[in-house]
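Colleague: I would like a close look at the interior of this model, please. Start with whatever vocabulary I need, then walk me through the packing and finish nearer the surface.

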Amino acid sequence: MINVEVVYFARYRELLGSDGERLQGEFATVEDVREALLAKGGAYQVLAEQNLMCARNQDLCRLAEPLEEGDEVAFFPPVTGG
C-alpha cells in the first residue's frame with residue numbers, strides 16, 4: 001500500500017468540489033489512482049474523459065506512469081490555446 005496526494009485543477013476541481021485528497025491503496029500507476037477514483041462514482045466520472053491530462057510530482061506524464069510512496073498525482077482537463 002502506498003499513499004498519494006491527488007490534486008484536481010480547473011473544471012475538475014469545480015465539479016468535484018475539492019482541491020484534492022489523500023488516497024491509500026495498491027497503486028502501481030497513475031491509471032490505478034484514476035480507476036480507484038472512478039469507482040467512487042458520481043462526479044468522479046469526469047475523470048473518465050479520454051483527453052484528461054495528468055502529472056506526477058508536477059511533471060506531465062501518461063496514465064502508465066509508475067508511482068512511489070508520497071507521490072503527488074494531478075488531474076486536469078486538456079489545455080486549449082488560442
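Modeller: Happy to! Helices (H or I, at least four residues) and strands (E, at least two) are DSSP runs, numbered from the N terminus. This is a predicted model, in which local features need pLDDT of at least 70 and side-chain atom pairs count only at pLDDT 80 or more, while totals for chains, interfaces and linings use all residues. Numbering starts from 1 along each chain as its sequence is written, and side-chain values use heavy atoms, with hydrogens and water left out.

Let me set the scene with the fold. The protein has 2 helices and 5 strands, arranged along the sequence as β-α-β-α-β-β-β. Its C-alpha trace extends over about 40 × 25 × 20 Å along the principal axes. The radius of gyration (over C-alpha atoms) is 12 Å, which agrees with the value near 12 Å for a compact globule of 82 residues; that rule is 2.2 Å times the number of residues to the power 0.38. Of the 82 residues, 41% are buried, where buried means under 20% relative accessible area, exposed over 50%, and partly exposed in between (1.4 Å probe, protein chains only).

Now to the interior itself. A nonpolar core here is a set of buried Ala, Val, Leu, Ile, Met, Phe, Trp, Tyr and Cys residues joined through side-chain atoms within 4.5 Å. The largest one has 21 residues, and those with the most contacts inside it are Tyr-8, Val-33, Leu-37, Leu-47 and Phe-75. Two or more residues come from each of β1 (2-8), α1 (10-16), α2 (30-38) and β5 (72-76). Contact, by the way, means heavy atoms within 4.5 Å. Among contacts between residues at least 6 apart in sequence, 51% join residues at least 24 apart.

Take Tyr-8, which sits in strand β1. It counts as buried because its relative accessible area is 1%. Beyond its neighbours within four places in sequence, Tyr-8 is in contact with Arg-13, Leu-16, Ser-18, Asp-19, Gly-20, Glu-21, Leu-37, Tyr-44, Leu-47 and Phe-75. Glu-69, 61 residues apart from Tyr-8 along the chain, has its C-alpha 19 Å from that of Tyr-8.

Next comes Val-33. Not counting residues up to four places away in sequence, Val-33 touches Val-4, Val-6, Leu-23, Phe-27, Leu-67 and Phe-75. Phe-75 is also a partner of Arg-34, a residue of helix α2. This arginine counts as buried because its relative accessible area is 12%. Leaving aside sequence neighbours within four places, the other contacts of Arg-34 are Leu-47, Ala-48, Glu-49, Leu-52 and Leu-63.

Leu-63 leads us to Thr-29, which has Leu-63, Ala-64, Glu-65, Pro-66 and Leu-67 as contacts once neighbours within four places are set aside. Thr-29 lies in the loop between β2 and α2, and its relative accessibility of 19% is why it counts as buried. Gly-25, in strand β2 (residues 20-25), is buried too, at 7% relative accessibility. Apart from neighbours within four places, Gly-25 is in contact with Met-1 and Ile-2. The C-alpha atoms of Gly-25 and Ala-36 are separated by 8.5 Å, with the two residues 11 apart along the chain.

Moving outward, Lys-40 is in the loop between α2 and β3. Its relative accessible area of 45% is why it counts as partly exposed. With neighbours within four places left aside, Lys-40 is in contact with Glu-21 and Leu-23; Glu-21 was also a partner of Tyr-8, and Leu-23 one of Val-33. Glu-26, 14 residues from Lys-40 in sequence, is 16 Å away from it, C-alpha to C-alpha.

Two backbone points may interest you. Ala-10 has a positive phi of about 55° although it is not a glycine; it belongs to helix α1 and is partly exposed, with a relative accessible area of 44%. Asn-57, likewise not a glycine, has a positive phi of about 50°. That asparagine is in the loop between β3 (53-56) and β4 (59-61) and counts as partly exposed at 36% relative accessibility.
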